[in-house]
Amino acid sequence: MFPDKSAIRSKDSTMSLLDAARAVRENAYVPYSRFKVGAAIRSSSGQIYVGCNVENVAYPEGTCAEAGAIAAMVASGETELIEVCVIADSPHPVTPCGGCRQKLAEFGRGDVPVRLATVDGPETLMTIAELLPGAFDQTHMERA
């Protein structure tokens with residue numbers, strides 16, 4: 001049985017990306033690190049897609065929150081994100097890992113805003129280009 005789509009996406013304009021990321025963070029499966037991360041992305045259609053980190057006892061097999069949100073967006077048939085928010089319980093905002101920076105760059109332009117937040121309030125605002133300067137993209141493969 002498929003989950004209710006409202007659990008993975010929302011077009012409710014009253015729900016902010018931060019609210020969505022904060023809510024999904026609570027669903028993180030983190031029995032090993034206990035470090036919950038929530039991510040929310042807004043697609044070009046205005047839909048909000050969410051993801052949380054999902055750990056696995058074989059550490060490299062886990063999934064980052066950003067990757068989960070992107071997968072939900074793509075599974076729904078969309079391929080462009082226009083806004084990102086990531087939240088964690090940390091003394092200072094946590095940036096996406098290198099792999100997730102590349103994933104964000106695959107689906108968003110360099111000027112896409114990325115809001116990095118903590119559960120206590122401190123925030124940083126960056127762009128995808130600032131997170132991943134010199135990103136590898138499809139233009140590098142034009143001769144292939």
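This section describes the fold, the nonpolar cores and two loop residues of a predicted model.

The predicted chain has 144 residues, of which 36% count as buried, and its secondary structure comprises 4 helices and 6 strands. Read from the N terminus, these elements follow one another in the order β-α-β-β-α-β-α-β-β-α. Confidence averages a pLDDT of 91 over the chain, with 90% of the residues scoring at least 70; residues 1-13, by contrast, remain under 50, and for this segment the model has 18 contacts beyond four places in sequence. Among contacts in the chain with a separation of 6 or more, 62% are made by residues 24 or more positions apart. The surface exposed by the chain amounts to about 8,300 Å², and 55% of this area is supplied by carbon and sulfur atoms.

Strand E4, which spans residues 81-88, has pairing partners in both E2 and E5. With strand E2 (residues 37-43) the pairing is antiparallel and extends over 7 bridges, and within it Gly38 stands opposite Ile87 of E4. With strand E5 (residues 113-118) the pairing is parallel and consists of 5 bridges, one of the partnerships being that of Val84 with Val114 in E5. The connection between these parallel strands involves helix H3 (residues 98-107), and E4, H3 and E5 together form a right-handed β-α-β unit. Of the 8 residues of E4, 6 are buried, so that this strand is largely enclosed by the rest of the structure.

The largest nonpolar core contains 19 residues, and those touching the most other members are Ile41, Leu81, Val84, Val86, Leu104, Val114 and Ile128. At least two residues of this core are supplied by each of E2, helix H2 (65-75), E4, E5 and helix H4 (128-131), and H2 makes the greatest contribution, with 5 residues. The surroundings of Leu81 illustrate how this core is assembled: when neighbours within four places in sequence are left aside, Leu81 is in contact with Ile41, Arg42, Ser43, Ile70, Met73, Leu104, Phe107, Gly108, Val112 and Ile128. A second core of 14 residues lies apart from the largest one, and its members include Val24, Ala28, Val30 and Ala117. Such grouping may be set beside a general tendency, in that nonpolar side chains of soluble globular proteins tend to be buried together.

The loop between helix H1 (17-25) and E2 holds Tyr29, and Arg34 is found in the loop between H1 and E2 as well. Tyr29 has a relative accessible area of 45% and is therefore partly exposed. Not counting residues up to four places away in sequence, Tyr29 touches Asn53, Val54 and Glu55, while its C-alpha atom is separated by 7.8 Å from that of Cys52, a residue 23 positions away along the chain. Arg34, for its part, has a relative accessibility of 64% and so counts as exposed. The backbone of Arg34 has a phi near 65°, which is a positive value in a residue other than glycine; in general, most residues other than glycine have a negative phi.

Methods: Residues numbered from 1 in each chain as written. Predicted model: local features only at pLDDT ≥ 70, side-chain atom pairs only at ≥ 80, totals over all residues. Heavy atoms only, no water. Buried < 20%, exposed > 50% of the residue type's maximum accessible area, 1.4 Å probe, protein only. Pairing = 2+ DSSP bridges. Right-handed = clockwise from strand over helix to strand, strands pointing away. pLDDT = per-residue confidence, 0-100. Contact = heavy atoms within 4.5 Å. Areas by Shrake-Rupley, 256 points an atom, 1.4 Å probe, with all protein chains shown as cover. Core = buried A, V, L, I, M, F, W, Y, C linked by side-chain atoms within 4.5 Å.
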